[in-house]
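Please consider the structure shown below. The paragraphs that follow lead through its parts in turn.

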Amino acid sequence: MRIVRLADLAFAGALAALIALPLSGVALVQTAPAQAAPTQAAPAQAATAAPAPAAPKLETFGRWSTLVDEVDTGEDIRKTCAASTAFIGAGGESGTLTLIITNGDALPPDAYPSLTIAVDNKALPTGKSVAASFGDDKGHVAAKLHSDAAVSGRLSWTVDNQAKTSLALLRVMRRASALDVSFGDAPVGSISMDGFTKAYRSLGASCGFPTTDVAP
């Protein structure tokens, strides 16, 4: 279980880097110099050559970016699907909010994408059970978080992924124009939800789960 979480955090860090420089990240994949192919491939080489892995698919919806990465396990295609947005915290710190799910996980409505917040604010509370509030002027959802390893050098917190709480939180994200987040009494920031609905639908289409309970 812990290994999966660390892998998710590494993927969140990769997505955060691509959000910062989306075009250059894609360009590096697309413009890497190709090696000249030999005029005649040796039979042994042709027999053992493995197909090149597909480049991760990056899309942008408003202030949100999505990334879909595929790995051929030899038995099936394992997809990791993530959506993330960058924000400026209450004290001017940089941060990201990221959703991650794989098609090998339990999928909605049994379980929902994990939600991780990474922000450069060492004054925020840490630990295994941090009380948090997510919402807007129409209402808030209370959740528990645990602090994790750093994401791209920033402290990170992940919401305890209980299906009922996660669904309520995702519905608030779909409703809000900006999501106000606080850990205990400490404000984290107000995070734009511009493009979230389309980004979430894109995750469902890519990783194969229904999205109508969040984004009808």
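**A buried leucine and its surroundings**

L124 has a relative accessibility of 5% and therefore counts as buried, the cut-off for that class being under 20%. The model described here is predicted. L124 lies in the loop that links β5 and β6. Which residues are in contact with L124, apart from its neighbours within four places in sequence? They are V119, W157, F183, A186, P187 and V188. Of these, P187 stands 63 residues away from L124 along the chain, yet the C-alpha atoms of the two are separated by 8.4 Å.

F183, another of these contacts of L124, has further partners of its own. When residues up to four places away in sequence are not counted, F183 touches I117, L124, P125, V130, A131, A132, L145, W157 and V188. F183 also has a place in the largest nonpolar core, which holds 42 residues. Together with L115, I117, F134, M173 and F196, F183 is among the residues that touch the most other members of this core.

The strands may be taken next. An open sheet is formed by 10 strands, with antiparallel pairing, in the order β1-β2-β3-β4-β5-β8-β7-β6-β9-β10. The edges are occupied by β1 (57-61) and β10 (186-192); each has a single partner strand, so one side of each is left without a neighbour in the sheet. From one strand to the next, the twist averages 25°. In general, the strands of a sheet pair through backbone hydrogen bonds, in either a parallel or an antiparallel manner. Within this sheet, β6 (residues 130-136) and β7 (residues 139-151) are joined in the antiparallel sense over seven bridges. One residue of the core, F134, has V141 in β7 as its bridge partner.

Two helices pack on the sheet. Helix α4 (residues 163-175) touches β2 (64-72), β4 (94-102), β5 (114-119), β6, β7, β8 (154-159) and β9 (178-183), and its direction makes about 105° with that of β7. Helix α5 (residues 196-207) touches β1, β2, β3 (77-88) and β4, and its direction makes about 170° with that of β3.

The two helices also pack against each other, at an angle of about 135° and with their axes 8 Å apart. This angle makes α4 oblique to α5. On the α4 side the contact involves L170, M173 and R174, which meet F196, T197 and Y200 in α5. By class, the contact comprises four nonpolar, one polar and one charged residues. M173 and F196, which take part in this contact, are also listed among the core residues that touch the most other members.

Technical notes
Residues are numbered from 1 along each chain as its sequence is written. This is a predicted model: local features need pLDDT of at least 70, side-chain atom pairs count only at pLDDT 80 or more; totals for chains, interfaces and linings use all residues. Side-chain values use heavy atoms; hydrogens and water are left out. Two strands pair if DSSP finds at least two bridges between them. Helices (H or I, at least four residues) and strands (E, at least two) are DSSP runs, numbered from the N terminus. Axes are lines fitted to C-alpha atoms, for helices over the stretch in contact, and angles run from 0 to 180 degrees between N-to-C directions. Contact means heavy atoms within 4.5 Å. Angles under 35 degrees count as roughly parallel, over 145 as roughly antiparallel, 65 to 115 as roughly perpendicular and the rest as oblique. Ala, Val, Leu, Ile, Met, Phe, Trp, Tyr, Cys and Pro count as nonpolar, Asp, Glu, Lys and Arg as charged, and the others, Gly among them, as polar. Buried means under 20% relative accessible area, exposed over 50%, partly exposed in between (1.4 Å probe, protein chains only). A nonpolar core is a set of buried Ala, Val, Leu, Ile, Met, Phe, Trp, Tyr and Cys residues joined through side-chain atoms within 4.5 Å.
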